[in-house]
Amino acid sequence: MGTGDNNIKEGGNRELFANYQYQRLNMEEYVRDFKKALSRFGEADSIEGKNKALQEINRLRGEFGAMKTIAFIRHSQDVEDEYYSQENDFFYGAAREHEELISEHYRALLSTEFREELQEQWGEQLFELARQSRSTFAPEVADDLQEESRLAGEYMNIMARARVRFAGRERNIMELNPYLESPERATRKKAHAALTRILAQNEEQLDQLFHNLVGVRHRIARELGFDNFLGLGYARLGRSDYTPAMVADFREQVQQHITPLIVELRARQARRLGLDSLKYYDEDIKFSGGNAVPRGGPAEIIASSRIMYREMSRESGEFFQFMEENGLLDLEDRDNKAKMGYCATIPGYRVPFVFATFNGTSYDVGVMTHELGHAFQAYCSRDFSIPEYIDATAEVSEIHALTMELMAWPWLHLFFGEDADKYRFASLTDAINLGLPIGVMGDEFQQWIYENPAARPEERKEAWREIEKKYWPYKDYDGNEFLEQGGWWLKFVHFFQFPLYLIDYSLAQICAFQFFGKSREDYPQAWADYVSFCKAGGSASFSRLLQKVGLQSPFEPGCVAGAIRPVVSWLEEVDEKDW
Ligand code: ZN
């Protein structure tokens, strides 16, 4: 795929993120320039002319994206800073207008008489993404889209206001967290009951909110010509080469090969903890001796990461140096920093930025591998002049991140010393016990929800509980009525705010396990394949990208069983007697 020169700043030059110029866009001028570029694209009567206009459109998009992302990052770096708080709001407000311009741009791309030549040059994926994006919008649904995003945001508001009385005072969900993992069984049982009470106290309101969301999503989908929300949801996520039916087959593979493994791992956990039976409030306690804790503070973790990325390969060493030299890492906790972790690509500059608030637990190492995995991919594919190819669709992006977590295995002793295996074990079992099945269960649930948009809240809960029993047959709610009746899913923002998104993690995990298997046999080859995969960014569909590096598609029969084999053999051999 071609590379271009439409970036504001050429790659390779050094410039600290802190010195990036920020300026609020004059939207009137911006819209005018964008429309001018669109007419130039329409009027051009040669492929050169089309490309020149396309370049101008992408340059403008880079300008908008850069300012929007810089405002967002600086706002998260100091949520008390009023200037960037306002600038961040400004871009939220401008987003819809910008999306309409992009939609116009896509319409022009799809209908140009030079489509074949352009497709030849830039690849099919751009046109496929444009086609899908166009199918998700029409002026008739504009009001409903606004209503959908208002309702989706309501979930966070309800949960942020929610309080429950626990250990002598009113507490919010965040404040319950430390008690949920208390070494005292009685304490964590009470804390889990309190968490359930928060959900139960807001049950009616959450049910109504979700019911309204399903209603509006169904309405939008029908108006746009889809049977139900599933088709629209897939198009929104840019899923072009698989269908809900194929995902259903994948779920079956998971139930067949992962569920028995989960049952076995949970039994092993009960034995390790010396419990007769594992109750739902015991599940977060992995070891009686506590979790692996990284040695040293943030400075040591960053220093170990520097060694790891330098030893891993030339590309990763250069990448980490680039991130440090350009001030693209903000990891230590400070007052006023947003409590979140993310990797954001800054369009225009074409650089990734990693943000986290280190807390001294293994989470910090997770950031250095997972978020840096996202960043490594953005760094590898920064030369694409088509902005759509720098960021990939979600299931592909998670492969970049989850694989980096596993490629980091040979260096984990730098962070954990002799506890490295304990950390490896914890992260693998979390992926198997939680990440994989939750994605699959969430998907099965949502397929049912959107195929039955008129279902009542009780029916939804019954459906959820049935699905839980299928993938987590060992689950013991110890008489907790709310959970027995299928209320657990209300805890997940995904169902409200990011519909159909959860399965991306499960698909990506199976692909990351394939990279893991390769790395156990031939690390340099696995690494080379991983780099090619990252370099391809989002330039092709999910299955095509997998094909390019010889990974099996999770939709192929036998894929899950094969991917899990090296994982199972590691889990069987590890020595857990002192944990
Ligand atoms: Zn991620």
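# Why these labels fit

Q: Why does Y22 count as buried?
A: Y22 has a relative accessibility of 11%. Buried means under 20% relative accessible area, exposed means over 50%, and partly exposed lies in between (1.4 Å probe, protein chains only), so Y22 at 11% is buried.

Q: What makes Y83 partly exposed?
A: The relative accessible area of Y83 is 42%, which falls between the two cut-offs for buried and exposed.

Q: What should you keep in mind about the model behind these values?
A: This is a predicted model, in which local features need pLDDT of at least 70 and side-chain atom pairs count only at pLDDT 80 or more, whereas totals for chains, interfaces and linings use all residues. Residues are numbered from 1 along each chain as its sequence is written, and side-chain values use heavy atoms, with hydrogens and water left out.

Q: How many aromatic pairs are there, and why is the pair of Y22 and Y83 called edge-to-face?
A: The count comes to 54 aromatic pairs. The ring centres of Y22 and Y83 are 6.1 Å apart, with their planes at 80°. Rings of Phe, Tyr and Trp (its six-membered ring) pair if their centres lie within 6.5 Å, and planes under 30 degrees apart count as stacked, over 60 as edge-to-face and the rest as tilted. The distance of 6.1 Å therefore makes a pair, and the 80° makes it edge-to-face. This pair links distant parts of the chain: Y22 sits in the segment before α1 (27-43), Y83 in helix α3 (residues 82-111), 61 residues apart. Helices (H or I, at least four residues) and strands (E, at least two) are DSSP runs, numbered from the N terminus.

Q: How do you know which kind of aromatic pair W409 and F516 form?
A: Their centres are 4.9 Å apart and the planes meet at 70°, which makes the pair edge-to-face. It also joins distant parts of the chain, with W409 in the loop between α17 (394-407) and α18 (413-416) and F516 in helix α23 (residues 503-521), 107 residues apart. W409 is buried at 6% relative accessibility, and F516 is buried at 1%.

Q: What else is found in helix α23, and why do S519 and Q509 count as buried?
A: Helix α23 also holds S519 and Q509. S519 has 11% relative accessibility, so it counts as buried. Q509, with 10%, is buried too. Contact means heavy atoms within 4.5 Å. Setting aside neighbours within four places in sequence, S519 is in contact with M407 and A526, while Q509 touches L402, L406, A431 and L436.

Q: Which residues form one aromatic cluster, and what places T259 beside one of them along the fold?
A: The cluster consists of Y155, F210, F445, W464, W472, W488, W489, F492, F495 and F496. The C-alpha atoms of T259 and W472 are separated by 6.7 Å, although the two are 213 residues apart along the chain. T259 belongs to helix α12 (residues 259-273) and is buried, at 7% relative accessible area. Beyond its neighbours within four places in sequence, T259 is in contact with V254, K470, Y471 and P473.

Q: How do you know that R382 lies over the face of Y379?
A: A charge sits over a ring if NZ of Lys or CZ of Arg is within 6 Å of the ring centre and within 35 degrees of the ring normal. R382 is at 4.0 Å from the ring centre of Y379 and lies over its face. R217 lies over the face of F229, at 5.8 Å.

Q: What makes the site of the zinc ion irregular?
A: H370 (NE2), H374 (NE2), E398 (OE) and E398 (OE) coordinate the zinc ion at 2.1 to 2.6 Å. Donors are N, O and S atoms within 2.8 Å of the metal (3.2 Å for Na, K and Ca); water is not among the atoms, so sites may look incomplete. Four donors count as tetrahedral if all angles lie between 85 and 135 degrees; four count as square planar and six as octahedral if opposite donors are over 155 degrees apart and all others between 65 and 115; anything else is irregular. Here the angles among the four donor atoms run from 52 to 143°, so neither four-donor label fits and the site is irregular. The donors follow the spacing H-x3-H-x23-E along the chain. H370, in helix α15 (residues 363-380), and E398, in helix α17, are 28 residues apart and link distant parts of the chain. Both H370 and E398 are buried.

Q: How do you know whether the chain agrees with a compact globule?
A: The radius of gyration is taken over C-alpha atoms, and the globule rule is 2.2 Å times the number of residues to the power 0.38. For 579 residues a compact globule would come near 25 Å, and the chain has 24 Å, which agrees. The C-alpha trace spans about 75 × 55 × 50 Å along its principal axes. The chain has 26 helices and five strands, and buried residues make up 56% of its 579 residues.
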